[in-house]
Amino acid sequence: ATSTTGSLTRSFLPPLLFLALDNALGLYLAFSLHAILFSLSALWMLRRHLPPVASPNAVASPISPVYNGAFFAVLSLTGWMLMGVNRWIVAGCFGDSTAGHFTLAGNLAQIAPAMLGAVFMQYFQPGLFAFPRTAVSEYRVLARRVDRIALAYTLLALGAVAAVHAFAPWLVGPLVDERYRDALAYLAGAGCFGTAVITGQFFHTLLLAAHRERACGPVDLTAAAVLIFGGLASAALGGERWFLRWLLVTAAIPWLINRPLAHRRLFRH
């Protein structure tokens, strides 16, 4: 219910209020209303789990104290940085016009990976958190299950990105103006990077389901550092061609960094 409310308000309020007010104020108002309605729906769904703090009958929260404080706020901020870091790199190294083309390509290329990621996470996450964790063998089964889910997602997402890249020339005219044809060159790279970011979230979920919350920091931050500094180095030292090549190989980063680090942290004790 919360996810649907957020999707509907984010999808339809901006265009409706923009048309109604006929200026950018409609967009600002729409996204503000979306944030408010999304938050209220989440609070409404969680109301039975949020007893008053001052209540003498309040039950102690089963949530780990690790969720209090700055730890997961930092991880959230890092995730937000990953969503926009390549735009900043392109703007800084290749200029505003190229950054505009790259942003348009990202908006097109990341639709399929993002939608697939949401579907996979919504469908599989409850089962992962309900998985028994009383023996080492069960942790191994849980890890193998996440591996299969992440692999299936990666293959489907990359297939969808390849399909968008292949059919992109036919989008010019009906969907993309001829002036923005140059944006098509960035579709594959932007899609692979988006796939990499979402694939890493499955191994993040593995650690959460196994109650290894503290391990999320080293895993997520290490992978984010590689993605960010790899983009910076390839753009600054190799130019646009090497930057695009780097984006194409980023889909392998979760399998080279997130997965091994997550497994090591999972089985350390």
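Inside this predicted model there is 1 cavity of 30 Å³ or more. A cavity here is a set of points, on a 1 Å grid over the protein atoms alone, where a 1.4 Å probe fits but cannot get out. Rolling a probe the size of a water molecule over the atoms shows where empty space is left. Grid points are joined across faces, edges and corners, and a volume is the space filled by probe spheres set on the points. By that reckoning, the largest cavity holds about 140 Å³ of space. It is lined by 15 residues (lining residues have an atom within 4 Å of a point), and those closest to its centre are L82, M83, N86, Q110 and F193. Helices α3, α4 and α7 are the elements that give two or more residues to this lining. In terms of chemistry, the cavity lining splits into 8 nonpolar, 6 polar and 1 charged. For this count, Ala, Val, Leu, Ile, Met, Phe, Trp, Tyr, Cys and Pro are nonpolar, Asp, Glu, Lys and Arg are charged, and the others, Gly among them, are polar.

A word on the ground rules: residues are numbered from 1 along each chain as its sequence is written, and side-chain values use heavy atoms, with hydrogens and water left out. Since the model is predicted, local features need pLDDT of at least 70 and side-chain atom pairs count only at pLDDT 80 or more, while totals for chains, interfaces and linings use all residues.

Next come the pockets. A pocket is an open set of grid points with protein on both sides within 12 Å along at least five of seven lines, and the largest one has a volume of about 1,900 Å³. Its lining takes in 48 residues, with M83, A114, A118, I198 and Q201 closest to the centre. Plenty of helices chip in: α1 (2–21), α2 (25–45), α3, α4, α5 (111–129), α7, α8 and α9 each supply at least two residues of the pocket lining. The top contributor is α3, with 11 residues. Sorted by chemistry, the pocket lining has 23 nonpolar, 22 polar and 3 charged residues.

What about the overall fold? The chain has 9 helices and 0 strands, where helices (H or I, at least four residues) and strands (E, at least two) are DSSP runs, numbered from the N terminus. Along its principal axes, the C-alpha trace spans about 65 × 45 × 30 Å. Of the chain's 269 residues, 37% count as buried; buried means under 20% relative accessible area, exposed over 50%, and partly exposed in between, using a 1.4 Å probe and protein chains only. Contacts (heavy atoms within 4.5 Å) often link distant stretches of sequence: among those with a separation of 6 or more, 75% join residues 24 or more positions apart.

Some of those buried residues form nonpolar cores, meaning sets of buried Ala, Val, Leu, Ile, Met, Phe, Trp, Tyr and Cys residues joined through side-chain atoms within 4.5 Å. The largest core has 29 residues, and the ones with the most contacts inside it are L82, F102, L187, F193, L227, F243 and L247. Helices α3 (71–94), α4 (96–109), α7 (187–209), α8 (216–249) and α9 (253–266) each supply at least two of its residues, and α8 gives the most, with 9 residues. Leaving aside neighbours within four places in sequence, L227 is in contact with L82, F193, V197, W246, T250 and I253. Apart from this core lies another, of 28 residues, including L142, A150, L206 and V219.

A few single residues round off the picture. S41 sits in helix α2 and counts as buried, because its relative accessible area is 14%. A polar atom of the S41 side chain lies 2.7 Å from the backbone oxygen of F38. Not counting residues up to four places away in sequence, S41 touches T2 and T5. V164, in helix α6 (residues 136–167), is partly exposed, with a relative accessible area of 23%. V164 and T2 are 162 residues apart in sequence and 30 Å apart in space, C-alpha to C-alpha.

Two loop residues have a positive phi. D22, in the loop between α1 and α2, has a phi near 60°, a positive value in a residue other than glycine. D22 counts as exposed because its relative accessibility is 63%. For H211, in the loop between α7 and α8, phi is near 60° too.

Key: A polar contact is a pair of N or O atoms within 3.5 Å; within protein, one must be able to donate a hydrogen and the other to accept it, and residues adjacent in sequence count only if both atoms are side-chain atoms.
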